[in-house]
Amino acid sequence: MKTLTIIRPDDWHIHVRNGVILKTVLPHTAQQFARAIIMPNLKPPVTTVAQALVYREEILSALPQGAKFTPLMTLYLTAATTIAEIKAAAESEHIYAFKLYPAGATTNSDAGVADINAIYPLLAALEKYALPLLVHGEVTDDNCDIFDRERVFVDRHLTAIMRDFPHLRVVLEHVTTSEAVQFVEAASDNIAATITPQHLLFNRNAILAGGIKPHYYCLPILKRETHRQALIKAATSGNAKFFLGTDSAPHTRDLKENACGCAGCYSAFGALELYAEAFEQADALDKLEGFASFYGADFYRLPRNTDTITLEKQTWTIPHTYSDITPLKAGENLSWKLVSA
Ligand code: DOR
Ligand code: ZN
């Protein structure tokens with residue numbers, strides 16, 4: 001039996017929600033990962049240290065008995081964020097970053113930032129207090145084609161942010177285009193990028209060819225095949241600027257299979273198995289450990305994990321549903337299975 005044992009990975013970008021959904025999805029993440037960067041786009045968004053600490057307690061109490069999992073909390077950056085809050089976040093042992101959502105870019109982003117120039121003093125404070133800025137890198141301009149929104153964000157905003165705040169550490173979340181990959185490669189070591197399993201495994205045909213498939217709809221939207229190839233190349237290159245962030249984003253089935261369906265793919269149930277599939281297809285399984293278990297921790301200046309997980313080459317069929325959440329690739333086969341964790 002072929003097996004793959006690697007140092008236990010971390011998920012550097014995940015939505016675990018709260019309430020009932022949290023209880024369904026958190027055990028999946030806690031089984032695979034030691035730590036995860038928890039996205040703050042709840043309703044209402046998590047904008048203060050006090051709110052993040054309450055949310056952290058809710059997460060901890062939803063963990064299965066005996067689980068060893070550490071949620072790494074983030075705050076949602078808004079035009080109303082104060083420098084005092086940024087200082088308090090930097091002083092908290094539980095807050096690891098701020099998330100920048102351009103207003104209207106995605107799920108629960110109404111409270112996001114409408115004018116990036118207006119938050120320059122906040123970016124200066126993040127730089128000063130050495131807190132990473134996590135960026136949803138898409139413009140929200142109605143006139144900008146949805147497939148171009150990431151590229152235009154990089155040109156219009158990210159280039160300026162990196163120039164004006166040379167010591168600010170930035171993670172360009174869920175990169176989806178060759179242009180974003182090239183930007184990250186060429187910029188300073190203060191920028192890194194997460195890559196999701198769906199953007200490694202699928203191109204936009206998965207959403208649109210042969211019928212509309214809402215469970216493949218996420219933001220940034222899947223792009224054409226040339227971009228997927230660029231992402232595969234980046235993820236399997238051994239370049240430490242690219243690391244694992246699932247962006248697992250559960251929505252109940254009724255909200256996905258809807259005339260105006262929500263964006264987000266649910267992948268936490270088998271995150272490592274999905275990545276293993278993509279890395280194996282690229283004949284690069286030997287590069288999975290760095291991507292999944294080392295580079296993110298290094299970027300966040302956290303110790304690497306020391307225990308291991310083992311995947312076994314074994315075909316299994318993904319269930320059609322976890323509670324009322326339809327997983328990515330529902331009903332299809334995966335060829336790796338997490339066997340010891
Ligand atoms: O597809 C997405 N879903 N992209 C995001 O940026 C947000 C996420 C969510 O929270 O559902
Ligand atoms: Zn996300």
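This report walks through a predicted model, from its zinc site to its sheets and its less usual backbone spots.

As the model is predicted, local features need pLDDT of at least 70 and side-chain atom pairs count only at pLDDT 80 or more, while totals for chains, interfaces and linings use all residues. Residues are numbered from 1 along each chain as its sequence is written, chains are lettered from A and ligands numbered from 1 in the order in which they are written, and side-chain values use heavy atoms, with hydrogens and water left out.

**Zinc site and cavities**

Let us start at the zinc ion (ligand 2), whose protein donors are His-13 (NE2), His-15 (NE2) and Asp-247 (OD), lying 2.0 to 2.1 Å from it. Donors are N, O and S atoms within 2.8 Å of the metal (3.2 Å for Na, K and Ca); water is not among the atoms, so sites may look incomplete. Along the chain, the donors follow the spacing H-x1-H-x231-D. His-13 is buried, with a relative accessible area of 0%, and His-15 is buried too, at 7%. Buried means under 20% relative accessible area, exposed over 50%, and partly exposed in between, with a 1.4 Å probe and protein chains only.

The structure holds three cavities of 30 Å³ or more. About 110 Å³ of space lies in the largest cavity. Sixteen residues line the largest cavity, and the closest to its centre are His-15, Thr-106, Leu-219, Asp-247 and Ala-249. Here a cavity is a set of points, on a 1 Å grid over the protein atoms alone, where a 1.4 Å probe fits but cannot get out; lining residues have an atom within 4 Å of a point. Grid points are joined across faces, edges and corners, and a volume is the space filled by probe spheres set on the points.

**Sheets and helix 11**

An open sheet of three strands has the order 1-10-11, with antiparallel pairing. Its edge strands are strand 1 (3–7) and strand 11 (333–340), each pairing on one side only. Two strands pair if DSSP finds at least two bridges between them; helices (H or I, at least four residues) and strands (E, at least two) are DSSP runs, numbered from the N terminus. Six bridges join strand 10 (residues 308–317) to strand 11, and Leu-311 stands opposite Leu-338 in strand 11.

Helix 11 (residues 271–281) lies across strand 1, strand 10 and strand 11, running at about 125 degrees to strand 11. Contact means heavy atoms within 4.5 Å. Axes are lines fitted to C-alpha atoms, for helices over the stretch in contact, and angles run from 0 to 180 degrees between N-to-C directions. Nine of the eleven residues of helix 11 are buried, including Leu-272, Tyr-275 and Phe-279.

Elsewhere, four bridges join strand 4 (residues 70–76) to strand 5, and these strands run parallel. Five of the six residues of strand 5 (residues 95–100) are buried, so this strand is largely enclosed by the rest of the structure.

**Backbone spots worth a look**

Most residues other than glycine have a negative phi, and most peptide bonds are trans. The table lists some exceptions.

| Place | Feature | Value |
|---|---|---|
| Lys-43 to Pro-44 | cis peptide bond | omega near -5 degrees |
| Leu-219 to Pro-220 | cis peptide bond | omega about -5 degrees |
| His-174 | positive phi | near 40 degrees |
| Arg-301 | positive phi | near 60 degrees |

His-174 is buried, with a relative accessible area of 2%, whereas Arg-301 is exposed at 59%.

Terms used
On a 1 Å grid over the protein atoms alone, a cavity is a set of points where a 1.4 Å probe fits but cannot get out, and a pocket is an open set with protein on both sides within 12 Å along at least five of seven lines; lining residues have an atom within 4 Å of a point.
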